[in-house]
Amino acid sequence: MSDPGNTTAKAVGADRSLGQLVASATAEMSALVHDEIALAKAQLRQDVKKAGLGGAAFSAAGMVLLFSLPMLSFALAYGFRTWTGWNMALCFLLSFAVNVLVAGLLALIGTVFVKKAKKGQGPQKAVASAKETAAVLQNAKPHPRPEPRPELMGSSREDKALL
């Protein structure tokens with residue numbers, strides 16, 4: 001915490017020229033804009049990652065259904081036949097139903113990840129943050145410059161011509 005009576009801090013601020021203050025403000029504004037951009041990129045990266053995981057889960061669901069149907073269907077059908085003694089056609093239908101159930105479960109997982117990515121709203125958060133920063137900066141007003149006092153000015157015509 002700073003001491004309100006601390007004259008050292010006041011002296012440091014008083015020693016800075018107008019040019020130094022403008023340069024400092026410009027540098028801080030530039031840093032703020034760069035930080036806003038970095039925040040937007042980070043939020044977008046998170047949402048893209050979630051959407052990518054959802055897409056990967058959907059792809060995995062399709063791949064499992066596609067590649068496992070022939071081999072898994074035969075294995076399950078013969079397994080059901082051995083276990084129950086049912087007709088082979090019924091056993092093949094049952095093995096297909098199991099494959100569709102696994103693919104549906106993977107698609108459900110993919111849907112959950114895609115909904116999380118939509119819920120994240122990274123771009124909307126970044127835009128809202130940038131608008132909030134712009135609103136704060138628009139309300140900032142510079143200190144008014146003091147009016148020149150005529151009694152301190154010279155009374156010659158040359159001095160008045162400079163005004």
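**Exercise 1. In which helix does Lys50 lie, and which residues does that helix span?**

Solution.
Step 1. The model is a predicted one. Lys50 lies in helix H2, which covers residues 18–84.
Step 2. Now take the surface. Lys50 is partly exposed, because its relative accessible area is 31% and the partly exposed class runs between 20% and 50%.
Step 3. Check the charge patch. Patch members need over 30% relative accessible area. Lys50 belongs to a surface patch of positive charge together with Lys116, Lys119 and Lys125.

**Exercise 2. Describe the overall make-up of the protein chain.**

Solution.
Step 1. Count the elements. There are 5 helices and 0 strands.
Step 2. Write them in order from the N terminus: α-α-α-α-α.
Step 3. Add the burial. Of the 163 residues in the protein chain, 13% are buried.

**Exercise 3. Compare the span of H3 with the expected value.**

Solution.
Step 1. Fix the limits. Helix H3 takes in residues 88–120, and its length is 33 residues.
Step 2. Get the expected span. At 1.5 Å a residue, 48 Å is expected.
Step 3. Compare. From first C-alpha to last, H3 reaches 49 Å, which is close to that value.

**Exercise 4. Which residues of H3 are buried?**

Solution.
Step 1. Apply the cut-off: buried means under 20% relative accessible area.
Step 2. List the residues of H3 that are buried: Cys91, Ser95, Asn99, Ala103, Gly110, Ala117 and Gly120.
Step 3. Recall the helix geometry. An α-helix has 3.6 residues a turn, so residues three or four places apart point the same way.
Step 4. Set other H3 residues against the list. Leu105 is exposed, because its relative accessible area is 53% and the exposed class starts over 50%. Val112, also in H3, is partly exposed at 42%.

**Exercise 5. Which residues make the nonpolar surface patch of about 390 Å²?**

Solution.
Step 1. Name the members: Trp86, Leu90, Leu93 and Leu94.
Step 2. Place one of them. Leu90 lies in helix H3.
Step 3. Class Leu90. Its relative accessibility is 44%, so Leu90 counts as partly exposed.
Step 4. Look along the chain from Leu90. Phe80 is 10 residues away in sequence, and the two C-alpha atoms are 9.0 Å apart in space.

**Exercise 6. Give the sequence and space separations for two pairs that include an H3 residue.**

Solution.
Step 1. Start with Val112, whose place is in helix H3. Its partner is Lys50, in H2. The pair is 62 residues apart in sequence, and the C-alpha to C-alpha distance is 9.7 Å.
Step 2. Go on to Leu105, another residue in H3. Its partner is Ala61. Along the chain they are 44 residues apart, with 8.1 Å between their C-alpha atoms.
Step 3. Return to Lys50. This residue also sits in the positive patch with Lys116, Lys119 and Lys125.

Methods
Residues are numbered from 1 along each chain as its sequence is written. This is a predicted model: local features need pLDDT of at least 70, side-chain atom pairs count only at pLDDT 80 or more; totals for chains, interfaces and linings use all residues. Side-chain values use heavy atoms; hydrogens and water are left out. Patches are made of residues with over 30% relative accessible area and no salt bridge: like charges are joined within 9 Å, nonpolar side chains (Val, Leu, Ile, Met, Phe, Trp, Tyr) within 5 Å. Accessible areas come from the Shrake-Rupley method with a 1.4 Å probe; for residues, only the protein chains shown count as cover. A salt bridge is a side-chain nitrogen of Lys or Arg within 4 Å of a carboxyl oxygen of Asp or Glu. Helices (H or I, at least four residues) and strands (E, at least two) are DSSP runs, numbered from the N terminus. The expected span of a helix is 1.5 Å times one less than its number of residues. Buried means under 20% relative accessible area, exposed over 50%, partly exposed in between (1.4 Å probe, protein chains only). Lys and Arg count as positive and Asp and Glu as negative; His and the chain ends are not counted. The place of a charge is taken as NZ of Lys, CZ of Arg, CG of Asp or CD of Glu.
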